[in-house]
Amino acid sequence: MKIAMMGHKRVPSREGGIEIVVEELSERLANKSNDVTIYNRKRKGAEPLTEYKGCKIKDVFTLNKRIFDAIVYSYFATKKVKKGGYDVIHIHAEGPCAFIKSLRKCKAKKVVTIHGLDWQRGKWTGFGSKFLKWCEERAVKYADEIIVLSRNNVEYFKNTYGRDTIFIPNGVNKPELKPASIITEKWGLERDGYVLFLARLVPEKGVHYLIDAWKSMSEEDKMGKKLVIAGGSSHDDGYYTEIMKSIEGVGDIVATGFVQGQPLEELYSNAYVYVLPSDVEGMPISLLEALSYGNVCLVSDIPENTEVIKDKGYVFKKSDVEDLTDKLKELIKNSFETHKEAIIPYSWEEITEKTLQVYKK
């Protein structure tokens, strides 16, 4: 089967959950004797690739500005895939569906994965939010199949558009726990010595709630632990700058910036508690990864989070700093044993097979 993947930023990359999904799926689809082409956004200074893990890589021109990036890339990527003679064109996210109508005459089937209701995300307001809602409507009208990552979104599309969708969650790989080494040398972090937030620093991830909660806690409440903010910006430099200013001079908050490779593995392996205070999610890859490392997880009570942790973690009321503060104090005071139960809700092999069945259907 000849398959095109588009809509993400670039592979390989951990810029966001979509990039991880595209890489994990594409590699496994290629291993099953499929011909997979990944359409990356061209990035200045990025190493040009033509092949990666058995998949072809094609760079697509774009403008690396928040307002124009997705729309310019989507226009040119759609033009390219239209001429590719594919059996399946798999579009990831709502924005890249802007030009899906122009693919109507292709023999290829159009599969769209909605990684979350992007128009609800805090970084988009006004025209940006309305445009993404319009892209969502295009996907509903012109996609042959729509995949969603949560049962909450299955209900949303059925109730809003009368459109049936297919629930296929994100997967996760079984990791190997790493002792604190690089993170001790770089940031002075020890096993069970910190609370971890690991995600992009964008408004919908809610790191500002966590920072406010942490700053309101006393030294006695924190019991010598630090708060680690691990993540970079995503075109929203105003919010990123605001977050960095809010933690300036706070000695027990460590900002690592974007992490990957062994530092990332060590951060998961040695955290006391992982916290995800998001307002909006699709299906959070970082939460799945935290569970796979056996982290104790504290998350906001949005359905996309609670559906993942079920009874294996702790929740607080979305956007409620006071409730988040109380839960943090309680968890730190408990002094429980960490990393004793690794949880793999869904494997990538299982997810790839389900996706392949959608293509064949």
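Which residues gather in a patch of positive charge on the surface? Select K58, K79, K80, K82 and K83, and you have that patch on screen. Keep in mind as you go that this is a predicted model.

**Stop 1: the positive patch**

Colour helix 2, residues 69–82, and you will see where the largest share of the patch comes from: three residues belong to this helix. Now turn to K58, which sits in strand 4, residues 55–60. K58 counts as partly exposed because its relative accessibility is 39%, a value between the 20% and 50% cut-offs.

**Stop 2: a nonpolar patch**

Next, select F61, L63, F68, Y75 and F76. Together these residues make a nonpolar surface patch of about 460 Å². Pick out F68 from the group: you will find it in the loop between strand 4 and helix 2. With a relative accessible area of 42%, F68 is partly exposed.

**Stop 3: inside helix 2**

Stay with helix 2 and select S74, which has its place there. Is S74 buried or exposed? Buried: its relative accessibility is 0%. Show the backbone of A70 as well, and draw a distance from its oxygen to the side chain of S74. A polar atom of that side chain lies 2.5 Å from the backbone oxygen of A70.

**Stop 4: salt bridges around helix 1**

Side chains of opposite charge can pair when their charged atoms come close. The whole structure holds 24 salt bridges, and three of them make a good route from here.

Begin with K53 and E23, whose closest N and O atoms are 3.2 Å apart in a salt bridge. K53 is in the loop between strand 3 (51–52) and strand 4, while E23 is in helix 1 (residues 17–31), so this pair ties together parts that are 30 residues apart in sequence. The two partners also differ in their cover: K53 is partly exposed at 39% relative accessible area, whereas E23 counts as buried at 15%.

Move along to R28 and E349, where a salt bridge joins the side chains at 3.3 Å, N to O. Here R28 belongs to helix 1 and E349 to helix 13 (residues 348–360), so the pair links parts 321 residues apart in sequence. R28 counts as buried, with 13% relative accessibility, and E349 as partly exposed, with 46%.

For the third bridge, select K32 and E353; the closest N and O atoms of this salt bridge are 3.5 Å apart. K32 is in the loop between helix 1 and strand 2 (35–41) and E353 is in helix 13, so this pair too ties together parts that are 321 residues apart in sequence. K32 counts as partly exposed at 33% relative accessibility, and E353 counts as partly exposed at 31%. Before leaving, add E27 to your selection of E23 and K53: salt bridges with shared partners join E23, E27 and K53 into one network.

**Stop 5: two buried residues in later helices**

Which side chain does E304 meet in a polar contact of 3.0 Å? Select N152 to see the partner, joined to E304 side chain to side chain. E304 lies in helix 11, residues 303–309, and is buried, with a relative accessible area of 9%.

Then go to I285, in helix 10 (residues 285–292). I285 is buried at 7% relative accessible area. Draw a C-alpha to C-alpha distance from I285 to I243: the two are 42 residues apart in sequence and 22 Å apart in space.

**Stop 6: backbone geometry**

Finish with the backbone. Where is there a cis peptide bond? Select V11 and P12, which are joined by one, with omega at about 0°. P12 is found in the loop between strand 1 (2–6) and helix 1.

Next comes S319, a residue other than glycine with a positive phi, near 70°. S319 has its place in the loop between strand 14 (314–316) and helix 12 (321–334), and counts as partly exposed at 30% relative accessibility.

The last selection is H339, which is not a glycine yet has a positive phi of about 60°. Look for H339 in the loop between helix 12 and helix 13. H339 is buried, with a relative accessible area of 10%.

Notes. Residues are numbered from 1 along each chain as its sequence is written. This is a predicted model: local features need pLDDT of at least 70, side-chain atom pairs count only at pLDDT 80 or more; totals for chains, interfaces and linings use all residues. Side-chain values use heavy atoms; hydrogens and water are left out. Patches are made of residues with over 30% relative accessible area and no salt bridge: like charges are joined within 9 Å, nonpolar side chains (Val, Leu, Ile, Met, Phe, Trp, Tyr) within 5 Å. Accessible areas come from the Shrake-Rupley method with a 1.4 Å probe; for residues, only the protein chains shown count as cover. A salt bridge is a side-chain nitrogen of Lys or Arg within 4 Å of a carboxyl oxygen of Asp or Glu. Lys and Arg count as positive and Asp and Glu as negative; His and the chain ends are not counted. The place of a charge is taken as NZ of Lys, CZ of Arg, CG of Asp or CD of Glu. Helices (H or I, at least four residues) and strands (E, at least two) are DSSP runs, numbered from the N terminus. Buried means under 20% relative accessible area, exposed over 50%, partly exposed in between (1.4 Å probe, protein chains only). A polar contact is a pair of N or O atoms within 3.5 Å; within protein, one must be able to donate a hydrogen and the other to accept it, and residues adjacent in sequence count only if both atoms are side-chain atoms.
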